[in-house]
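Work through the exercises below with the sequence and the model open. Try each task before you read its solution.

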Amino acid sequence: MNVKTPHTSNRAHAYRDMYVQGVVEASFLWLLRSVTVDQPHYTSIDLGELEQRIDAQLNLLMTSMELGWEACDAALELQEPGEVFAATVTAMRSHEIPKIQKAVQVGLSNERTFKGLVSALGWLPAEIIRPWVERFLNGKDMNHKYLGVAACSIRREDPGELLTNILQREDCLKHVKLHSRALRLIGELRRQDLMPALQAAAGSSKADIAFWASWSSILLGQHAMVRNLHPLVLKRGPFQARAIQLVFRVLPVEQGREWISVMTKDPANIRAVVSATGVLGDPHAVNWLISKMNDPLLARLAGESFSTITGVDLEKHQLNTQPPAGQSPIPNDDPADPNVDLDEEENLPWPNVEKITELWRHHGANFLVGRRYFLGKAITPEWLKSRIADGTQRQRHAAALELALIDPQCRLINTRAKVTP
């Protein structure tokens, strides 16, 4: 009898380790997805394959709720977004209120964990999530309301009168994160009936509230509101990139050029100028973009803007080249270097300036100066829908925004949402 005891104990320990490893793998893969969802080389097919790997680990955790939750519960102590994601999915699938409350509590503890929490609410099927979203929206806790609105946002589900009520309550309007996300949801869902709430918030002294009120107003067709975003376009800050992505799809080409010209007066804006040029889509600027490909700090970004206008895939047409000598990736392995940010251009090709110059010399005449192009073609609903279906992630994000701006009946498609059923 003494011989069997350690064997049984070891087997139990091995099973427990398997579930712990399942949480680790699911958390890591979720973090990987949270990065790749905005990468220039990932497609929805690539995302789907990654999501299947995540689901395989999440399904493993459900084979023993006791051991699966034990591993999730321990991982929650780390207060990391990937672990919160795995624990929340597991808790929601268990339908056990104490487990769900624990995952939500940890998920609401900081901005990073909140991302994992909301992602989990977007991951699961509606029959599991909707009752909880309604519960959050109807609750007294402002953070729960904020969670409910954020869940509706990523799921693109309309909470109806619950959203209207939030935007009429003084206590909700004082909660900046809740108010901002509710304003954002108006634009995402194209809730024309809530335009008065946007108008009331557009002049707010709170930067987040003012920005999202203007952003949603533009999506609802109030294009004159781009003037509210002019200061944000001209100055580096937390809203500049989002403002650029929207404003230069709305402005007439001539006015867009004028705004870009003003942006160039601040040397700190040069990267924003390159991005805005691609968003505007005017082939008038292609030669300027090609000139910027000679600058190692701007080359890949300029190449991306060139492709956004012309539709030319640099790698597919062998218009790329090797990185210049001495080019260090970001982040690097130097422990003394405080810069730990991911290089947003890491997966963009290095353009071959000579070949691109020659190509444009032969084919540039096919593009009409002063007309907007997106990936080499005129901007039509059919073309945009095809890019949402088959494009890379950044192309899908851009196409979804373009489509929402030209089709009043179309909600802003969430191109960061789970693509697998």
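The exercises cover confidence, aromatic pairs, nonpolar cores, one alanine and salt bridges.

This is a predicted model: local features need pLDDT of at least 70, side-chain atom pairs count only at pLDDT 80 or more, and totals for chains, interfaces and linings use all residues. Residues are numbered from 1 along each chain as its sequence is written, and side-chain values use heavy atoms, with hydrogens and water left out.

**Exercise 1. Find the stretches where pLDDT is under 50.**

Step 1: Start with the scale. pLDDT is the predictor's confidence in each residue, from 0 to 100.
Step 2: Take the chain as a whole. The average pLDDT is 93, and 93% of the residues score at least 70.
Step 3: Go to residues 1–8. Their pLDDT stays under 50, and the model gives them zero contacts (heavy atoms within 4.5 Å) beyond four places in sequence.
Step 4: Move on to residues 330–341. Here pLDDT is also below 50, but this stretch has ten contacts beyond near neighbours in sequence.

**Exercise 2. Classify the ring pairs Trp30 with Phe85 and Phe248 with Trp259.**

Step 1: Set the rule. Rings of Phe, Tyr and Trp (its six-membered ring) pair if their centres lie within 6.5 Å; planes under 30 degrees apart are stacked, over 60 edge-to-face, and the rest tilted.
Step 2: Count the pairs. The structure has eleven aromatic pairs.
Step 3: Apply the rule to Trp30 and Phe85. The centres are 5.8 Å apart with 20 degrees between the planes, a stacked pair. Trp30 belongs to helix α1 (residues 4–36) and Phe85 to helix α4 (residues 81–94), so the pair ties together parts 55 residues apart in sequence. Helices here are DSSP runs (H or I, at least four residues), numbered from the N terminus.
Step 4: Check burial. Both Trp30 and Phe85 are buried. Buried means under 20% relative accessible area, exposed over 50%, partly exposed in between (1.4 Å probe, protein chains only).
Step 5: Turn to Phe248 and Trp259. At 6.4 Å and 85 degrees, this pair is edge-to-face. Phe248 sits in helix α15 (residues 240–250) and Trp259 in helix α16 (residues 253–263), so parts eleven residues apart in sequence are tied together.

**Exercise 3. Describe the nonpolar cores and place Ala400.**

Step 1: Define the set. A nonpolar core joins buried Ala, Val, Leu, Ile, Met, Phe, Trp, Tyr and Cys residues through side-chain atoms within 4.5 Å.
Step 2: Take the largest core. It has 105 residues; Leu183, Ile186, Phe248 and Met263 touch the most other members.
Step 3: Look for another. A second, separate core of 18 residues includes Leu298, Phe306, Ile309 and Leu319.
Step 4: Locate Ala400. It lies in helix α22 (residues 393–406). Its relative accessibility is 1%, so Ala400 counts as buried. Not counting residues up to four places away in sequence, Ala400 touches Ile388, Leu412, Ile413 and Thr415.

**Exercise 4. Which residues join Arg155 in a network of salt bridges?**

Step 1: Apply the cut-off. A salt bridge is a side-chain nitrogen of Lys or Arg within 4 Å of a carboxyl oxygen of Asp or Glu. By this rule there are 23.
Step 2: Follow Arg155. Its bridge to Glu157 has closest N and O atoms 3.2 Å apart, and Arg130 completes the network of Arg130, Arg155 and Glu157.
Step 3: Check accessibility. Arg155 is buried at 17%, and Glu157 is buried at 19%.
Step 4: Compare Asp193 and Arg191, bridged at 2.8 Å. Asp193 is partly exposed at 48%, whereas Arg191 is buried at 8%.

Terms used. Helix = DSSP H or I, 4+ residues; strand = E, 2+ residues; numbered from the N terminus.
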